[in-house]
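Student: I would like a close look at a single part of this model, the surroundings of the ligand. Please go on from there to the empty space elsewhere in the protein.

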Amino acid sequence: MPNFRAETRAWLEENCPPAMRTRMPENEQVAGGKQARYLRPEQKQWLDRMAAKGWTAPTWPTKYGGGGLSNDEALILEEEMQDLGCRLPLRGMGLSMLGPVLLEYGTEEQRQTHIPPILKGKIRWCQGYSEPEAGSDLASLRTRAVLQGEHFLVNGHKIWTSNAHHSDWIFCLVRTDPTAKKHEGISFLLIDMDDPGVRPRPIRLISGASVFCETFLENVQVPAGNLVGPLNKGWTIAKRLLEHERKGIGGIASRAATKFEVPLETVAKQFAGERDGQIADPILRDRVAAYSMDAHAFQLTRRRAAEEAEAGAPPGPLSAMFKLQGTELNKRRYEMLLEAEGFQGLGWEGDGFTNDELRFTREWLRSKANTIEGGTSEVQLNIIAKRVLGLPD
Amino acid sequence: MPLILSDEARMVRETALDFFRERSPITALRKLRDDNDPVGFSRDLWRQMAELGWTGFLVDEDDGGSAFGMTGLAQVMEASGRTLTASPLLSTALLGASLLSHGGSDDQKAEYLPPLLAGEHIFALALEEGTRHAPNQIALTAQSDGSGYRLNGQKTFVLDGHIANTLIVAARTANGITLFLVPGDAATRKRLIMVDSRNAASIRLDNVKVSPEAVLGPVDQGAALLDLTLDRARAALAAEMLGSANEAFDRTVQYLKDRKQFGVAIGSFQALKHRAAQMFCEVEMTRSAVLAAVSALDQNSNDAAALVSLAKTKANDTLLLCGNEGVQMHGGIGMTDEHEIGFFMKRSRVAQATFGDTAFCRDRYARLMGY
Ligand SMILES: Cc1cc2nc3c(=O)[nH]c(=O)nc-3n(C[C@H](O)[C@H](O)[C@H](O)COP(=O)(O)OP(=O)(O)OC[C@H]3O[C@@H](n4cnc5c(N)ncnc54)[C@H](O)[C@@H]3O)c2cc1C
């Protein structure tokens, strides 16, 4: 392992452009796809180098272009990237959700077709799960897919589809047997958004950004070979994908602790003053500590879960609470940041406020979605109560 | 700093869980209480615990212990917390053994450690003087008079103080804090009858004369020794509290499945489900913090004090939560003395105040983290 760490570090030092070792503004996140635009050439350069090495998806098999690393090695890579302040070269739903599911449930042909473009950042994916009438009660979804010879004919209405207007393909939950019980008539389909029947319409969020859409599907023709897993057995796959999604969202509080993030206590000292090395306002100080300690206990719990997994324990009940705790903590962090900033945390735009101040306000608004997207906190509590504690329906 | 147990620690854990379940269920604590037992724990049980080696986890092998460490002791503490067992684990196996091992002279170790290890000699740390944990506010004085010291002052909330063979007294000397080994019967002692039916005492020292050999550790520099030991005590107590919280939680979840109202199990009501799920999360967070604290102590790591403050805070809050929610979710039966869930709530109040409540630990954590 010491060898791997040293080699990894040397490679990163040589290949990660200095511009990619800086704090990454929201608008410089790289998600790839046909519409990808790079504000700086180093973004593309960094992506291509990492993709060539397989390290955009470090643990995926090499035969599809992945890094083939063990979990231990992937952790070292992550640590070294954090230590050097390297940006994530690529992110998106292909990497975090669809890829792992295709590796588990896809056919060999589906993997060969879809995995390489995902990890090279050539194709961007979005998630067609939610519908106007199917949110928390996802399994009540109504988008219909009817098998007609070699094709499915798909009609329906998806909503809250993050980045649909910037994506190339959409993975969708569709109803293929309307007569079966609600969990048993659902299938998992991969749909090319080039089809003129797929029309995403952006929706504006409270933070001012437009990151999601409603997506209309009208007489869309989908080759039968794009069905993942057996017909009408899509719910199992859907749930597994959600586990990957929740793991990703739950990690949000730990990503906030990366190298360039300003610690909450520093912000508190800056805006509320400092006395004898302490945050001057004792009540704010106490609240900062209360938050920080909960966040610390959460980090330790994530580490413990990782160690247990490494020691061969089956994925235990701990994973069920990461989405809940991670997102609730992230919201609390932004509440605390704004509280610490006082008047300076209240700006919307303009030069009355610094960039960081404005950023925190926008991110505070964005953080509210954390406990809704990927299954709300209430739904996570339901899952813990049922699956972990075994409480009756 | 591992957060999972070694095979050895896991074996200790299994042994301890079986031991307490079989030999000291909560009925044992109830009996001690109802009999007004003058000792407040079973000496026989304590000897059995000593035979299992639990008194020697913090004592070096040269001195007859196993030096197995805090992670091991935490397993025993946690298991004892599951059954709310009254025992001198904290006063003697932790505080006594730790202070003697780190501060004791060869003579002191030779005199005191063998009976401590055998479960024959009970120690008590006489530290607190005010209404809450304040290790830096010590007024009890020890005045040097050439041939020795004279001790004057009062202490309170001295765990196992009323029956301790030896008191370890924190006293103010000319230029700081010094610890003294004082025979228990040299003090005027009054047992405090506590809400959790566990042991504590207030003691008074009136011109108690001790020889220079009674000094434990360096003169005037006792605070550092005390600090290290108090952190161990906080972590060990946090482990015990984790066990109690986990048990109260498990019992409550079981009750939610058993108790029927409106024709269904009350555990099907979402208002209760969500609170149970929250408790589950808090217990898990506490477990991680406790494991991190004891493992940092075992490795003398720099962040040990901060992790201990974190562990005690989480244990305080989580045990209070599980105790209170436990009673509430049991309804009327939870309010009865006959039912055992109330014992957990009573214990929570006392344990959270012992060696640092949440306000104390949070302030300390912030200071250690540089704000
Ligand atoms: C920023 C953002 C991005 C998103 N991206 C995507 C995406 O890319 N693709 C996609 O498919 N979806 C996406 N979603 C949708 C998201 O998954 C849903 O919003 C979420 O599942 C909740 O569904 P809903 O909005 O219909 O709310 P509802 O289900 O109507 O919930 C409303 C309230 O009722 C509560 N509630 C509902 N059912 C229960 C219950 N059984 N017990 C207790 N309380 C309950 C909820 O917790 C919530 O507080 C995104 C959402 C957001 C905010």
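Student: How far is an oxygen atom of the ligand from an N or O atom in the side chain of A:Ser136?

Tutor: The distance is 2.6 Å, a polar contact (N or O atoms within 3.5 Å). The model is predicted, with pLDDT of at least 70 required for local features and 80 or more for side-chain atom pairs, while totals for chains, interfaces and linings use all residues; side-chain values use heavy atoms, without hydrogens and water. Residues are numbered from 1 along each chain as written, with chains lettered from A and ligands numbered from 1 in written order.

Two further contacts involve nitrogen atoms of the ligand. In one, a nitrogen atom lies 2.9 Å from a polar backbone atom of A:Trp160. In the other, a nitrogen atom is 2.7 Å from an N or O atom in the side chain of B:Gln270. The protein buries 69% of the 960 Å² that the ligand exposes when taken alone (Shrake-Rupley, 1.4 Å probe).

The shell around the ligand (a heavy atom within 4 Å) holds 18 residues. A:Ser136 and A:Trp160 are among the closest, together with A:Ser130, A:Thr376 and A:Glu378. Because residues from chains A and B surround the ligand, the site is shared between chains. The shell divides into 6 nonpolar, 10 polar and 2 charged residues, with Gly counted as polar.

Within chain A, strand 3 (151-162) and helix 12 (377-388) each supply at least two residues of the shell (DSSP runs of at least four residues for helices, two for strands). Strand 3 of chain A gives the most, with 3 residues. Domain 2 (125-233) and domain 3 (251-388) of chain A both contribute to the shell, so the ligand lies between them.

For the empty space, start with the second largest pocket (on a 1 Å grid, an open set with protein on both sides within 12 Å along at least five of seven lines; lining atoms within 4 Å of a point). The second largest pocket holds about 340 Å³ of space. Its lining has 19 residues, and B:His102, B:Arg232, B:Leu297, B:Asp298 and B:Asn300 lie nearest its centre. By class the lining splits into 10 nonpolar, 5 polar and 4 charged residues.

Four helices of chain B each supply at least two residues of this lining: helix 5 (89-103), helix 7 (222-258), helix 8 (270-298) and helix 9 (304-330). Helix 7 of chain B gives the most, with 3 residues. Domain 1 (7-121) and domain 3 (223-368) of chain B each provide at least three residues of the lining.

There are also 4 cavities of 30 Å³ or more (a 1.4 Å probe fits but cannot get out). The largest cavity contains about 230 Å³ of space. Of its 23 lining residues, B:Ser87, B:Leu159, B:Arg198, B:Asn199 and B:Arg347 are the closest to its centre. The lining of the largest cavity comprises 11 nonpolar, 7 polar and 5 charged residues. Helix 4 (70-82), helix 5 and helix 10 (341-353) of chain B each supply at least two of them, and helix 5 of chain B gives the most, with 3 residues.

How values were computed: Polar contact = N/O pair within 3.5 Å; in protein donor to acceptor, adjacent residues only side chain to side chain. Domains from an automatic or database assignment. Points joined across faces, edges and corners; volume = space filled by probe spheres on them.
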